[in-house]
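The report below considers a surface patch, a nonpolar core and a buried acidic side chain in turn.

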Amino acid sequence: MAMELVYTGKTKNVYALDNGNYLLKFKDDVTGADGVFDPGMNQVGLTIEGVGDVNLRMSIYFFEKINAAGIKTHYVSADLDNTTMEVLPAKVFGHGLEVICRHKAVGSFFRRYGEYIEEGADLPAYVEMTFKNDEKGDPLVTKDGLVVLGVMTEAQYEAIKEMTKKITQIVADDLKEKGLVLYDIKFEYGYDANGDVMLIDEIASGNMRVYKDGKYIEPMELSALFFA
């Protein structure tokens, strides 16, 4: 099948296929600085052999599970030998939007609201959205803001919120079986030609904050534990 490079990303390259779909090629480059891995950074910091493979494996595992639950994703198929994933075409919201679901009050949530809540306190699958904008520090945006700015409709917002809660529970339940606790997780969504929302990008250890026995598990260690 013919393919054409359309985008070179930090951790994945994107190719257009002649069937109308796209191919994501997972790389061993990871974000960070000064040779230290940091999933929150927006620059490639180092190369870790095999990270593309484990990120693809985890993405396949969860996308297949989410599709089976009747939740729409962009996942079509994958080729582990070539570290690639075929996906449906999707438009992103605005210039890119991150959707976070929080089960515990940690990270930026606690930094913002620490005077009202204890660190690590339980949260009821709290969903928040931020614009992907490095210069502005990925600003939070409300439902009303998204609608007023023409980024999405109210119906799309509600669809994303409900999908996020369901997907987060699927991931959390799976991790719980392995003795792991999901604190929060980050997703990306897009929409098809009909405006229907779908989960896009990847579901990998670098996009989630997971603890075991009260101790934070680094993403590469998490991947190893997950597939042990």
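In which strand is the place of Y22? Y22 belongs to strand 3 (residues 22-26), strands (E, at least two residues) and helices (H or I, at least four) being DSSP runs numbered from the N terminus. This is a predicted model, in which local features need pLDDT of at least 70 and side-chain atom pairs count only at pLDDT 80 or more, while totals for chains, interfaces and linings use all residues. Residues are numbered from 1 along each chain as its sequence is written, and side-chain values use heavy atoms, with hydrogens and water left out.

Together with V6 and Y7, Y22 forms a nonpolar patch on the surface, with about 290 Å² of accessible area in total.

The table sets out two residues by relative accessibility (buried is under 20%, exposed over 50%, partly exposed in between, with a 1.4 Å probe and protein chains only).

| Residue | Strand | Relative accessibility | Class |
|---|---|---|---|
| Y22 | strand 3 (residues 22-26) | 31% | partly exposed |
| D184 | strand 13 (residues 181-191) | 6% | buried |

The side chains of D184 and R102 are joined by a polar contact of 3.3 Å, the term denoting a pair of N or O atoms within 3.5 Å, where within protein one must be able to donate a hydrogen and the other to accept it, and residues adjacent in sequence count only if both atoms are side-chain atoms. Leaving aside residues up to four places away in sequence, D184 touches (heavy atoms within 4.5 Å) I100, C101, R102, V106, N207, M208 and R209.

Notes: Patch = residues over 30% accessible without salt bridge, like charges linked within 9 Å, V, L, I, M, F, W, Y side chains within 5 Å. Areas by Shrake-Rupley, 256 points an atom, 1.4 Å probe, with all protein chains shown as cover. Salt bridge = Lys/Arg side-chain N within 4 Å of Asp/Glu carboxyl O.
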